[in-house]
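This briefing is for a reader new to the structure. It covers sheets, the helices on them, and contacts of aromatic rings.

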Amino acid sequence: MTPMERALSLAERALGSVSPNPSVGAVIVKDGVIVGEGWTQPPGQAHAEVMAVRQAGEKSAGAALYTTLEPCCHQGRTPPCVSAIVDAGVSEVRAAMIDPNPLVAGKGLSQLNEAGIKTLVGEGEKEARKLTEAYRKFITTGLPFVTAKFAMSLDGKIATRAGDSQWITGDEARRYAHGLRATADAIMAGINTIVADDPQLTARDDSGHPLDRQPLRVVVDSKGRLPEKATLLSQPGRTLVAVAGVDSSTRARIEGSDAEVERVPATDGSVDLMELVRRLGSERDITSLLVEGGGTLLGSLFDRGLVDKVVAFVAPTIIGGRGAVSPVGGEGVETIADALRLERVEVLRFGIDVAMVGYR
């Protein structure tokens, strides 16, 4: 494993726990030996480069630092990493990519060069861009990166005509799905899915136990129909219910179930999804949003162009039935030429199931 590959693997450890900061890994090498390493800590704590410098100590002098993102050069909740690197006496910095944050955007490397430190950019860039895909969108637009996830049969159904949907895919695919939850800032589902499936909407380990850190659960519930005994209300973590135009008694009932209510303007009688997504980013620092359905919610998000990434699990199962539900509803398109065609597509295999992952 090269030093940059090690840095990338360290960056993965920070996914899901450092937003709105990016997940970064850093490694310090001297005389061909790793003498320090680190990854981004939760907000308000040290960044990856500072962690690596601290571990390396005096060995940082004359060493090379490998980092998955350009070191920051501005004062935020913590001092700039550039200062720590210069003070430590590092002689060379290799960054996988430039930080798209307008406050950095090449300025960090420029300051390092001015201090006499050699810099190189580009090694591991493809992998680093994938690790920072949510951060890159958030820092440049203020909006969260939206991933649509669903599991369907080979004939495109997410449930039988009677509404049964557990389980379409096998254990391996579901474990991967929990990994997606674990690295997301928030999970969103529509009220129809909550009523029909009564999901927990939690991130769990391989043994089925909830993880210590849970993403925010967001229920899109325009009319305030969330059942008082919905399972997700008794799970660890926080639940936000987005409503549109409900009366005070309905709001009080939901809040009495230990959920927070967010009143959002309505569009055609339903929650304005664009406004909801905007608020999640600007008011709650949600950088990554995983949407798990159902078809009505996913269709509306696709219709409004709000989806950035798709993770579609397909099981070699035929469900059939004109009344069986498909994963994406909404208005859709009139011609195939207008259909959304994913790019940078990757096909993953989980036992007998597959997942197609692609970007808008």
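β3, helix α3 (residues 81–88) and β4 make up a β-α-β unit that is right-handed, meaning that with the strands pointing away from the viewer, the path from the first strand over the helix to the second runs clockwise. Helices (H or I, at least four residues) and strands (E, at least two) are DSSP runs, numbered from the N terminus. The model is predicted: local features need pLDDT of at least 70, side-chain atom pairs count only at pLDDT 80 or more, and totals for chains, interfaces and linings use all residues. Residues are numbered from 1 along each chain as its sequence is written, and side-chain values use heavy atoms, with hydrogens and water left out.

**The five-stranded sheet**

- β3 and β4 belong to an open sheet of five strands with mixed pairing, in the order β2-β1-β3-β4-β5; two strands pair if DSSP finds at least two bridges between them.
- The edges of this sheet are β2 (33–39) and β5, each of which pairs on one side only.
- On average, neighbouring strands here are turned by 15 degrees against each other, direction ignored.
- Four bridges connect β3 (residues 64–67) with β4 (residues 92–95) in the parallel sense; among the partners in β4 are V93 for L65 and A95 for T67.
- β4 also runs parallel to β5 (residues 118–121), joined to β5 by four bridges, and E92 has K118 as its bridge partner in β5.
- From β4 the chain passes through helix α4 (residues 107–114) to β5, in a β-α-β crossover that is right-handed.

**Helices on the five-stranded sheet**

- Helix α4 lies across β4 and β5 and runs at about 150 degrees to β5; axes are lines fitted to C-alpha atoms, for helices over the stretch in contact, and angles run from 0 to 180 degrees between N-to-C directions.
- Helix α1 (residues 3–14) lies across β1 (25–30), β2, β3 and β4, at about 150 degrees to β1; contact means heavy atoms within 4.5 Å.

**The nine-stranded sheet**

- An open sheet of nine strands, with mixed pairing, follows the order β10-β9-β8-β7-β13-β6-β14-β16-β15.
- Because β10 (260–263) and β15 (343–350) at the edges each have a single partner strand, one side of each is left without a neighbour in the sheet.
- From one strand to the next, the twist averages 20 degrees.
- Within this sheet, β7 (residues 186–190) and β8 (residues 216–220) run parallel and are joined by five bridges; A186 has L216 as its bridge partner in β8.
- Helix α10 (residues 273–282) packs on the sheet, where α10 touches β7, β8, β9, β10 and β13 (288–291), and its direction makes about 165 degrees with that of β8.
- Helix α9 (residues 248–255) lies across β9 (239–243) and β10, at about 145 degrees to β10.

**Aromatic pairs**

- Four aromatic pairs are found in a search of the whole structure; rings of Phe, Tyr and Trp (its six-membered ring) pair if their centres lie within 6.5 Å, and planes under 30 degrees apart count as stacked, over 60 as edge-to-face and the rest as tilted.
- One of these pairs is Y176 with F313, which is edge-to-face because the ring planes stand at 70 degrees, with the centres 6.1 Å apart.
- Y176 is in helix α7 (residues 171–182) and F313 in strand β14 (residues 309–315), so the pair links distant parts of the chain, 137 residues apart.
- Y176 also pairs with F350 in a tilted arrangement, 4.8 Å from centre to centre and with 40 degrees between the planes.
- F350 lies in strand β15, so this second pair ties helix α7 to a part 174 residues apart in sequence.
- Ring pairs thus link Y176, F313 and F350 into a cluster.
- Within the cluster, Y176 is partly exposed at a relative accessible area of 30%, whereas F313 is buried at 2% and F350 is buried at 11%; buried means under 20% relative accessible area, exposed over 50%, and partly exposed in between (1.4 Å probe, protein chains only).

**Charges over rings**

- R13 lies over the face of W39, 4.7 Å from the ring centre; a charge sits over a ring if NZ of Lys or CZ of Arg is within 6 Å of the ring centre and within 35 degrees of the ring normal.
- The charged end of R344 sits over the ring of Y359, at 4.1 Å from the centre of that ring.
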